[in-house]
Amino acid sequence: NPKTPNLKPQTLNAKPVTRQQGVSVVFSGVQPTEKQKKLICKLGGSVVENPAECTHVVLDAEKVKITAKILAALACGGRHIVTSDWLEKCERKGGWEPPDDFVVQLNGFDSGAAARRTDPLFTGLSFLAHPKLPMPQDECEMVVTCGGARFFKTAKDAPKDSIVLSIVGQKLPGGKFEHQPLEFIKQACLRQHLPDRAHFRL
């Protein structure tokens with residue numbers, strides 16, 4: 001008999017950041033310069049792409065934009081979201097400096113609250129994305145799995161208590177799932193707690 005395919009949801013397995021870990025940096029909304037990459041390596045750090053593997057997210061202070069990487073880092077907990085000015089100070093001082101003075105405000109919310117939280121934001125939840133969701137599925141998966149949730153690519157594999165991320169007027173047939181807008185996970189990440197699901201439910 002043919003083997004049954006493994007239908008387990010994928011997860012990015014975000015690891016809590018400790019003081020003993022080396023510094024690993026994700027850049028969001030901007031490409032790192034050669035100078036920045038050399039500095040990070042010189043100080044013993046690394047440049048990574050996955051927010052689940054980073055300790056810091058660096059962005060341009062002049063172009064603060066809430067990207068999927070930012071949301072994923074907020075969902076992880078324990079990640080510092082800072083401006084590139086932090087790297088400049090590290091260069092001047094010749095070592096890793098505390099990020100507190102360079103923490104980014106996101107739509108009026110202090111991203112430092114996420115750095116102080118050590119538990120993933122969406123633990124225990126399951127999600128899937130509606131085909132017409134404007135956020136690419138891989139980005140949606142990155143955000144919720146960094147937050148400790150399970151992500152399913154198809155409705156037939158998802159448990160009944162899964163949340164479908166969708167848009168107004170678009171629901172999966174059958175009435176099986178709860179539907180929430182993208183704003184639900186965005187507000188959860190920014191506010192650092194799950195909002196009232198009844199308030200956002202589509």
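**Close-up 1. Phe122 and Phe127, an edge-to-face pair of rings.** In this predicted model, Phe127 has a relative accessibility of 0% and therefore counts as buried. Phe122 likewise counts as buried, because its relative accessibility is 0%. The two rings have their centres 5.7 Å apart, and since their planes stand at 75 degrees, which is over the 60 degrees that the edge-to-face class requires, the pair of Phe122 and Phe127 is edge-to-face.

**Close-up 2. Trp86 and Trp96, a stacked pair of rings.** The count of aromatic pairs in the model comes to three. One of them is formed by Trp86 and Trp96, whose ring centres lie 5.6 Å from one another, with 20 degrees between the planes, and this pair is stacked. The limit for stacking is under 30 degrees, which is why an angle of 20 degrees places Trp86 and Trp96 in that class. The pair links distant parts of the chain, for Trp86 belongs to helix H3 (residues 85-93), whereas Trp96, 10 residues apart from it, sits in the loop between H3 and strand E5 (105-106). Are the two partners buried or exposed? Trp86 has a relative accessibility of 1% and so counts as buried, while Trp96, with a relative accessible area of 28%, is partly exposed.

**Close-up 3. Leu133 and its contacts.** Leu133 is found in the loop that lies between strand E7 (126-129) and helix H5 (137-146). Although it is part of a loop, Leu133 counts as buried, because its relative accessibility is 8% and the cut-off for buried is under 20%. Which residues does Leu133 touch, when residues up to four places away in sequence are not counted? Its contacts are Cys140, Leu165, Ser166 and Leu182. The C-alpha atom of Leu133 is separated by 9.8 Å from that of Val164, a residue that lies 31 residues apart from Leu133 along the chain.

**Close-up 4. The open sheet of four strands and helix H3.** The strands of this open sheet follow the order E2-E1-E3-E4, and their pairing is parallel. At the edges are strand E2 (46-47) and strand E4 (80-83), each of which pairs on one side only. Within the sheet, strand E1 (residues 24-27) runs parallel to strand E3 (residues 56-59), and three bridges join the two. For Val26, the bridge partner in E3 is Val57. In general, the strands of a sheet pair through backbone hydrogen bonds, and the pairing can be either parallel or antiparallel. Helix H3 lies across E1, E3 and E4, and runs at about 80 degrees to E4.

Note on methods: Residues are numbered from 1 along each chain as its sequence is written. This is a predicted model: local features need pLDDT of at least 70, side-chain atom pairs count only at pLDDT 80 or more; totals for chains, interfaces and linings use all residues. Side-chain values use heavy atoms; hydrogens and water are left out. Rings of Phe, Tyr and Trp (its six-membered ring) pair if their centres lie within 6.5 Å; planes under 30 degrees apart count as stacked, over 60 as edge-to-face and the rest as tilted. Buried means under 20% relative accessible area, exposed over 50%, partly exposed in between (1.4 Å probe, protein chains only). Contact means heavy atoms within 4.5 Å. Two strands pair if DSSP finds at least two bridges between them. Axes are lines fitted to C-alpha atoms, for helices over the stretch in contact, and angles run from 0 to 180 degrees between N-to-C directions.
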